[in-house]
Amino acid sequence: MKSSVLFLAGLIVGAVIVQVGAAQDRARRGVNHIGISTKNYDDALAFYRDTLGAKEAFTVRNPDGTVRLTYLQLSRDTFIELLPVGADQPAGMTHIGIETDDVEASIANLRGRGITVADPTVGVSKARVARIADRDGVPIEVMQIGPDSLQRQAIEAWK
């Protein structure tokens with residue numbers, strides 16, 4: 001129940017963020033994903049996949065074979081990024097991922113409005129990601145998912 005409430009709150013916050021800046025940043029597309037950490041990965045995976053019907057899009061593993069993250073596809077363009085956490089880490093929403101067609105243009109737009117933006121990096125899913133935080137410290141990933149990214153491959157394979 002708590003995860004569902006956090007998920008819905010994240011969608012609302014993400015939608016507001018996208019709408020507020022849409023006129024100023026034409027490259028911005030919308031909310032791509034909500035990151036959720038869980039203390040019991042297997043139970044959370046079963047809930048989102050089996051109970052809610054999300055499609056398991058892809059899983060990235062650590063070198064030791066343990067799960068680093070799993071993307072669960074809710075619709076063609078919307079995902080939950082499920083992350084297992086250690087015993088001393090809190091479970092819950094970790095970040096919002098906003099997709100852009102041009103991460104450099106989005107970064108320039110945000111910096112022009114006085115927002116501190118980290119230079120983009122290429123994540124484990126091969127997407128280009130720049131990180132910011134909202135006024136309350138909620139982490140936001142501004143991401144460009146190119147043709148080689150795992151997200152783009154899942155979107156293109158959606159049926």
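These are my notes on three residues of strand β1 and on helix α4 in a predicted model.

**Ground rules.** I number residues from 1 along each chain as its sequence is written. Because the model is predicted, I take local features at pLDDT of at least 70 and side-chain atom pairs only at pLDDT 80 or more, while totals for chains, interfaces and linings use all residues, and side-chain values use heavy atoms, with hydrogens and water left out.

**Entry 1, histidine 33.** I started with histidine 33, which lies in strand β1 (residues 28-38). Helices (H or I, at least four residues) and strands (E, at least two) are DSSP runs, numbered from the N terminus. Histidine 33 has 0% relative accessibility and therefore counts as buried; buried means under 20% relative accessible area, exposed over 50%, and partly exposed in between (1.4 Å probe, protein chains only).

Which side chains does the side chain of histidine 33 meet in polar contacts? I found tyrosine 71 at 3.3 Å and glutamate 141 at 3.1 Å. A polar contact is a pair of N or O atoms within 3.5 Å; within protein, one must be able to donate a hydrogen and the other to accept it, and residues adjacent in sequence count only if both atoms are side-chain atoms.

I then listed contacts (heavy atoms within 4.5 Å). Leaving aside neighbours within four places in sequence, histidine 33 is in contact with Tyr71, Phe79, Glu81, His95, Ile96, Gly97, Glu141 and Met143.

**Entry 2, glycine 35.** Glycine 35 is also placed in strand β1. I noted a relative accessible area of 0%, so glycine 35 is buried. Apart from neighbours within four places in sequence, its contacts are Glu81, Gly92, Met93, Thr94 and His95. I also looked up glycine 97, 62 residues away along the chain: its C-alpha atom is separated from that of glycine 35 by 7.6 Å.

**Entry 3, serine 37.** Serine 37 is found in strand β1 and, at 5% relative accessibility, counts as buried. Its side chain reaches the backbone oxygen of proline 90 at 3.2 Å. Not counting residues up to four places away in sequence, I have serine 37 touching Leu83, Val85, Pro90, Ala91, Gly92 and Thr94.

**Entry 4, helix α4.** Which residues of helix α4 (residues 150-157) are buried? I get Gln151, Arg152, Ala154 and Ile155. Seen down the axis of α4, these fall within an arc of 160°, so they line one face of the helix. The arc is that of the directions from the helix axis to the C-beta atoms. The buried residues of α4 pack against β1, β2 (55-61), β3 (67-75), β4 (78-84), β5 (92-100) and β8 (139-144).
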